[in-house]
Amino acid sequence: MAKKENLKVVGVLGCGAMGSGIAQVAATAGHEVIVFDANKESVKKAKENIHKFLNRAVEKNKLTRATADNAFANLKFARSLNAYKDCDIIIEAIVEDINIKQEVFQSLESIVGEHCILASNTSSLSIASIASACNNSSRVIGIHFFNPAVLLPLVEIIPSLLTSENTLKISKDLIDSWGKITVIAKDTPGFIVNRVARPFYGEAIKMYEEGFANIATIDWAMKELGGFKMGPFELMDFIGNDINYKVTETVFAQMFYDPRYKPSITQKRLYEAKLFGRKVGRGYYDYDVQSNNSEAIKDEEIGRGIFKRILYMLINEAADALFLNIANLEDLEVAMTKGVNYPKGLLNWADEIGIDKVLKGMEELQKEYGEDRYRPSPLLKRMARNNNTFASLGNKN
Ligand SMILES: NC(=O)c1ccc[n+]([C@@H]2O[C@H](COP(=O)([O-])OP(=O)(O)OC[C@H]3O[C@@H](n4cnc5c(N)ncnc54)[C@H](O)[C@@H]3O)[C@@H](O)[C@H]2O)c1
C-alpha cells in the first residue's frame, strides 16, 4: 500500500499547457519527475517554458538559484512510457479524449508497480470511466489543476466510486504538501468550479443576446458593481472561446441536457468562426482594432440588474451543488474564491443578501421566462422556509 512519505518519483504524462506546469510544481517540491509526451515539439517547448519560468522566479526573488537549479535537474524527459516503471504516482495531462485516456491508463497499469497511483487531470471526463480501463481501479483518481498550474493554488481532488480511501488520502496529502489548496469534489460533470461557474458565462451571454446590455456594459457591471476581477466576456476571451464553449457543451451533454447548462448559439458561432479570444486577436472583443468594441453604458440601475441576475444564478448553482453533495460547504466556498478568484464565497454572499431575496429573484426569473433554467434549488427553498443561513449549516450539510 502506498504512503505519502514514500511518494518520491512522480510521473507526468503529456507536457502541454497543463502537464508542463504540473511537472514544474512537482519538481520544485523536490520530487524526481519523469515526463513523457508523444510530441517532440511539446517537450522542447515545455523545457524552454519551465526554464524561463524558473529563471524569472529567481530574478523576482521567489526562488533561490539552488532551488530553481534543483527543480530543473529533477526533471527527466523520457522517450517511452517504460520510463514510468518506478513511479509512485503518475498524473496524466494528455488530450481530452476518453478512448485515448483509457488506452493510456491500461498501458500504464502494465508498466508500473502495484502501489503506483494513476491520476488524471481531465477537466470534463468521468474518473469512473477512465478507471474502468484498469484492473485495479481503486488506484485511479482525478487531480484537477487549473491553468496556469504553477500559479493557481486550487486543485480539485476527485475520487471515483471505485477509488480507495488510501488513494484519496495520499493524493490529497501529496498535493497539499506542494503548497496547493485542495478541495474534494464528487465525480460529476464539471466537478466544482466548472459546474458552479457556468452561469457567470451563460447568463451574461443570454442578457447580451436579449439586448439587455452590450458586452462592455455587462463586463463593467460585474467588475465595478460586483467586484469580480474580470467581466464574463473578458474572461471567456482570456480562457479561449474554444475551451469555454467545449466545457459548456460537455457539461450540458453529461448533465443529460438539463436546460440550466444549455450552451448558447452566440458562443457556438464564435467558436465556429474561430474567434477564440485573446490568443487569436478577436473574440467578444477585437484586440487589434479597439474602435470596433462597444463602450460601456455606466447606468447604475442597469448595472445592478445585470449583477443581481448573474449573482443569483451563481448562488443557486452553488446551493444546488451543496444540496447534491458535490462538495461540502467549505470546499465550495474555497473552490470559487481560490479557483476563479470570486470576491466572496457564493453561499456566504447568499447569507449577506438574504436567502429569501435570492429565492424570490430566482422565482421571478422562472415566472418571467417559464424556463427550467431558472428553477430554484430545493435547498434555497428549504432554507428560506426555515429562516436558515448557510453559516448556521456549516459543514453539517
Ligand atoms: N488547458 C486548460 O485550461 C486545462 C485546465 C485543467 C485541465 N485541463 C486538462 O488537462 C489535459 C491536458 O490539457 P492541455 O491544455 O495541457 O492540453 P495540451 O494540448 O496543451 O497538451 C496535451 C499534450 O499531450 C500530448 N499527448 C497527447 N496524446 C498523448 C499520448 N497518447 N501520449 C503522450 N502524450 C500525448 C500532446 O502532444 C500535448 O503536448 C486535458 O485532459 C484537459 O482537459 C486543461
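Here is a short chat about a predicted model, its sheet and the surroundings of its ligand.

Student: In what order do the eight strands of the open sheet run?
Tutor: Start by noting that the pairing in this open sheet is mixed. Neighbouring strands are turned by 25 degrees against each other on average, ignoring direction. Reading across, the order is E3-E2-E1-E4-E5-E6-E7-E8.

Student: Which strands are the edge strands?
Tutor: Look for strands that pair on one side only. Residues 75-77 make up one of them, and residues 181-184 the other. That gives you E3 and E8.

Student: Which residue in E8 stands opposite Glu156?
Tutor: Strand E7 covers residues 154-159. It pairs with E8 in the parallel sense, over four bridges. Opposite Glu156 you'll find Val183.

Student: Okay, and what angle does the direction of helix H1 make with that of E1?
Tutor: H1, residues 17-28, packs on the sheet. Among the strands H1 touches are E1 (9-13), E2 (32-36) and E6 (140-145). Its direction and that of E1 make about 170 degrees.

Student: Now the ligand: which element gives the largest share of the shell around it?
Tutor: The ligand has 25 residues surrounding it, and the closest include Gly14, Met18 and Asn147. Elements giving two or more residues to this shell are H1, helix H4 (98-111) and E6. The largest share is three residues, and it comes from H1.

Student: How many residues of that shell are nonpolar?
Tutor: Sort the shell by class: two residues are charged and ten are polar. The nonpolar count is 13.

Key
Residues numbered from 1 in each chain as written. Predicted model: local features only at pLDDT ≥ 70, side-chain atom pairs only at ≥ 80, totals over all residues. Pairing = 2+ DSSP bridges. Axes fitted to C-alpha atoms, helices over the stretch in contact; angles between N-to-C directions. Contact = placed C-beta atoms within 7 Å. Near = placed C-beta within 6 Å. Nonpolar A, V, L, I, M, F, W, Y, C, P; charged D, E, K, R; others polar.
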